[in-house]
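Please open the structure in your viewer and keep the selection tool at hand. The tour below proceeds from one selection to the next and describes what is found at each stop.

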Amino acid sequence: MAVNELFEQLDFVENPLYEKIIADLMERQYSIVENFFPDTEVTALRNSLLEKYEDDHFKKAAIGNRVSEVVEKTVRGDFIFWLNESANDKGEEQFFRKINDFVTYLNRTCFMGILHKEFHYALYPEGTFYKRHLDTFQNDDRRKLSIVYYLNEENWLPEYGGELVIYPNEKGAEPITIYPFPGKMVIFESQILEHEVKPVQRERLSITGWLKTR
Ligand SMILES: O=C(O)CCC(=O)C(=O)O
Ligand SMILES: [Fe+2]
């Protein structure tokens with residue numbers, strides 16, 4: 001074993017938050033986390049999102065993936081902006097630092113083989129939704145874990161709608177309803193759990209992404 005590998009193993013520190021997420025994923029294929037990022041992160045990312053939206057950098061989200069995509073308003077009505085990890089943005093930098101730390105942990109402890117990631121901002125205008133779906137595509141099964149982080153204002157109310165509803169695989173299991181309160185992060189198995197975004201009464205803001213294999 002190379003000396004640097006040995007040191008890498010020695011400096012391994014168990015992370016209780018990550019362990020909780022991993023345990024949740026193993027047990028029920030999803031995890032809901034309130035404190036993955038510091039509170040200031042929501043505001044920083046919300047401001048970056050809104051700035052780009054106002055500068056008209058968002059595009060109508062499509063179904064399919066970046067290679068074969070079709071805009072289909074009856075399926076999803078959000079607008080997205082793909083993030084570039086090397087963009088010079090404080091909030092995004094912090095975001096990716098934490099995500100990368102988590103990926104390193106997953107690869108070390110669960111041998112998940114996450115090699116790639118892709119994240120986009122999403123803005124759902126009033127009245128829009130995303131019909132029940134699975135986050136994998138016929139020509140691309142590399143998406144392993146889906147991550148959604150909500151960037152709505154502090155005063156977001158349940159009656160604004162826009163709930164994320166996850167459909168567990170177990171027969172007879174009740175759907176799980178998750179309100180998009182700011183700072184909440186949801187992580188789930190992309191290839192296993194169908195889910196949908198219910199119609200929303202207010203502009204709904206988030207960052208969504210995928211950890212991918214190969
Ligand atoms: O925003 C959410 O709660 C989920 C979004 C989603 O399902 C997707 O972008 O594939
Ligand atoms: Fe999805």
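Begin by selecting strand 9 (residues 164-167) together with strand 10, which pair in the antiparallel sense over 3 bridges. Within this pair, Ile-166 stands opposite Ile-176 of strand 10. Please bear in mind throughout that the model is a predicted one.

Now extend the selection to the sheet that holds these two strands. It is an open sheet of 4 strands in the order 7-12-9-10, and the pairing is antiparallel. Which strands stand at the edges? They are strand 7 (130-133) and strand 10 (176-178), each of which pairs on one side only. From one strand to the next, the twist averages 15°.

The next stop is the other sheet. Select its 7 strands, which form an open sheet in the order 1-11-8-13-6-5-2 with antiparallel pairing. Strand 1 and strand 2 (59-60) stand at the edges with a single partner strand each, so one side of each has no neighbour in the sheet. In general, the strands of a sheet pair through backbone hydrogen bonds, either parallel or antiparallel.

Within this sheet, display strand 11 (residues 185-189) and look at its two partners in turn. With strand 1 (residues 30-33), strand 11 pairs in the antiparallel sense over 4 bridges. Here Val-33 stands opposite Met-185 of strand 11. With strand 8 (residues 143-150), strand 11 is joined by 5 bridges, and the two run antiparallel. Two residue pairs may be labelled here: Leu-145 has Glu-189 of strand 11 as its bridge partner, and Ile-147 stands opposite Ile-187 of strand 11.

Helices may now be added to the view. Select helix 2 (residues 16-28), which lies across strand 1 and strand 11 and runs at about 145° to strand 1. Then select helix 4, which packs on the sheet and touches strand 6 (114-124) and strand 13. The direction of helix 4 makes about 140° with that of strand 6.

Keep helix 4 (residues 90-110) in view and add helix 3 (residues 40-54). The two pack at an angle of about 125°, with their axes 8 Å apart. Helix 3 and helix 4 are therefore oblique to each other, and helix 3 passes helix 4 in a left-handed crossing. Which residues make the contact? On helix 3 they are Glu-41, Ala-44, Leu-45 and Ser-48, and on helix 4 they are Lys-90, Gly-91, Glu-92, Gln-94 and Phe-95. By class, this contact has 3 nonpolar, 3 polar and 3 charged residues.

The last stop is ligand 1. Select the residues around it: Ala-122, Tyr-130, Asp-135, Val-148, Leu-164, His-195, Val-197, Ser-206 and Thr-208. Which elements give two or more residues to this shell? They are strand 12 (194-197) and strand 13 (204-213). Colouring the shell around ligand 1 by class will show 5 nonpolar, 3 polar and 1 charged residues.

Key. Residues numbered from 1 in each chain as written. Chains lettered and ligands numbered in written order. Predicted model: local features only at pLDDT ≥ 70, side-chain atom pairs only at ≥ 80, totals over all residues. Axes fitted to C-alpha atoms, helices over the stretch in contact; angles between N-to-C directions. Parallel < 35°, antiparallel > 145°, perpendicular 65-115°, else oblique. Left-handed = near helix turned anticlockwise from the far one by under 90°. Contact = placed C-beta atoms within 7 Å. Nonpolar A, V, L, I, M, F, W, Y, C, P; charged D, E, K, R; others polar. Near = placed C-beta within 6 Å. Pairing = 2+ DSSP bridges.
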